[in-house]
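Visitor: Before we go into detail, I would like to hear how the descriptive terms used for a structure are justified. Could you take me through them one by one?

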Amino acid sequence: MYLYFLSKIEDTVRIPPYRFEEPLEEVAIETLNETYNGILDKTLGLLVSVNDIEEIGEGKIIMGDGAAYYDITFNAVFFKPELQEIIDGEVIEIAEFGAFIRMGPMDGLVHVSQVTDDYIDYDAKRGALLGKESKKTLEEGNGVRSRIVAISLKGKSTKETRIGLTMRQHGLGRFEWIEAEKKKDKK
């Protein structure tokens, strides 16, 4: 489960003259989404979507610009990963140093030292991480459960964000490993 929450924001939105005949609220939401989607705030997290507008002030026109400017109060949905949060995700890329996991709108990295307790080999041909003794494999497309152990929200986009994950704890790892562990525990 991912942590999403709603936050109220105020901003001024520019509506160009060729859009004056369209419904103001629709144009404002579209403009806000184009402007803000994917923007990262250290406190709030990643803005995923502008949901609705609470208030639109009176429009103002600035000399030399035919557009109208509106002060708007709107609600936006944010995704903010939290330390120690357990997340489900999908392996989107395997590298020699670990696996990149897509978790909602962001990606995290499980370093090879955090995949299992076993020694891990990288199979470049298959694009997989292989457990030497356990024979566990991790490949692109696998569903996994991991824990967030490090977060660095830098810059204004997810490209500069670093999220460290682990799968070395009980109940974490590739979903098939977790199921096999549950069956083993029942015996």
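Guide: Let us start with a strand pairing, bearing in mind throughout that this is a predicted model. E12 and E13 are joined by 5 bridges and pair in the antiparallel sense, and within this pairing Ser-152 has Arg-162 of E13 as its bridge partner.

Visitor: What makes E12 and E13 count as a pair of strands?

Guide: The requirement is at least two bridges between the strands, and E12 and E13 have 5 bridges, so the pairing qualifies. E13 also pairs with E8, in this case parallel and through 2 bridges, which meets the requirement of at least two; here Val-110 has Leu-165 of E13 as its bridge partner.

Visitor: Why is E13 called largely enclosed?

Guide: A residue is buried when its relative accessible area is under 20%, and 4 of the 5 residues of E13 are buried, so the strand is described as largely enclosed by the rest of the structure.

Visitor: Which strands supply residues to the largest nonpolar core, and which residues have the most contacts inside it?

Guide: This core has 23 residues, and those with the most contacts inside it are Val-115, Leu-129, Leu-138 and Leu-165. Strand E6 (86–95), strand E7 (98–103), strand E8 (106–111), strand E12 (143–152) and strand E13 (162–166) each supply at least two of its residues. A second core, separate from this one, has 17 residues, including Ile-29, Leu-32, Leu-47 and Phe-78.

Visitor: What does Leu-138 touch, leaving out residues up to four places away in sequence?

Guide: Among the residues that Leu-138 touches are Val-91, Ile-94, Val-115, Ala-128, Leu-129, Arg-174 and Trp-177. The C-alpha atoms of Ala-128 and Leu-138 are separated by 5.5 Å, although the two residues are 10 residues apart along the chain.

Visitor: Why is Ala-128 classed as it is, buried or exposed?

Guide: Ala-128 has 0% relative accessibility, which is under the 20% limit, so this residue counts as buried. Ala-128 belongs to strand E10 (residues 128–131), and, not counting residues up to four places away in sequence, it touches Ile-94, Asp-121, Tyr-122, Asp-123, Leu-138 and Glu-139.

Visitor: And how do you know how to class Arg-174, as buried or exposed?

Guide: The value for Arg-174 is 14% relative accessibility, again under 20%, and therefore Arg-174 counts as buried. This arginine is found in strand E14 (residues 173–174), and its contacts, with residues up to four places away in sequence left out, are Thr-137, Leu-138, Asn-142, Gly-143 and Val-144.

Visitor: What makes strand E9 (120–123) and strand E11 (137–139) edge strands?

Guide: Each of these strands pairs on one side only, in an open sheet of 3 strands whose order is E9-E10-E11 and whose pairing is antiparallel. Neighbouring strands of this sheet are turned by 20° against each other on average, direction ignored. E9 and E10 pair over 4 bridges, and Tyr-122 has Leu-129 in E10 as its bridge partner.

Visitor: What is notable about phi of Gln-84 and of Lys-135?

Guide: Most residues other than glycine have a negative phi. Phi of Gln-84 is near 75° and that of Lys-135 is near 65°, both positive values in residues other than glycine. Gln-84 lies in the loop between strand E5 (68–79) and E6, and at 46% relative accessibility it falls between the limits of 20% and 50%, so it counts as partly exposed. Lys-135 lies in the loop between E10 and E11, and at 65%, over the 50% limit, it counts as exposed.

Visitor: How many aromatic pairs are found, and why is the pair of Tyr-36 and Phe-74 called tilted?

Guide: A search of the whole structure finds 2 aromatic pairs. The rings of Tyr-36 and Phe-74 have their centres 5.8 Å apart, within the 6.5 Å limit, and their planes at 45°, neither under 30 nor over 60 degrees, so the pair is tilted. This pair links distant parts of the chain, with Tyr-36 in helix H1 (residues 24–36) and Phe-74 in strand E5, 38 residues apart; Tyr-36 and Phe-74 are both buried.

Visitor: Why is the pair of Phe-97 and Phe-100 described as edge-to-face?

Guide: The planes of these rings stand at 90°, which is over 60 degrees, and the centres are 5.9 Å apart, so the pair of Phe-97 and Phe-100 is edge-to-face. Phe-97, at 41%, and Phe-100, at 24%, are each partly exposed.

Key:
Residues numbered from 1 in each chain as written. Predicted model: local features only at pLDDT ≥ 70, side-chain atom pairs only at ≥ 80, totals over all residues. Heavy atoms only, no water. Core = buried A, V, L, I, M, F, W, Y, C linked by side-chain atoms within 4.5 Å. Buried < 20%, exposed > 50% of the residue type's maximum accessible area, 1.4 Å probe, protein only. Contact = heavy atoms within 4.5 Å. Axes fitted to C-alpha atoms, helices over the stretch in contact; angles between N-to-C directions. Phe/Tyr/Trp six-rings, centres within 6.5 Å; stacked < 30°, edge-to-face > 60°.
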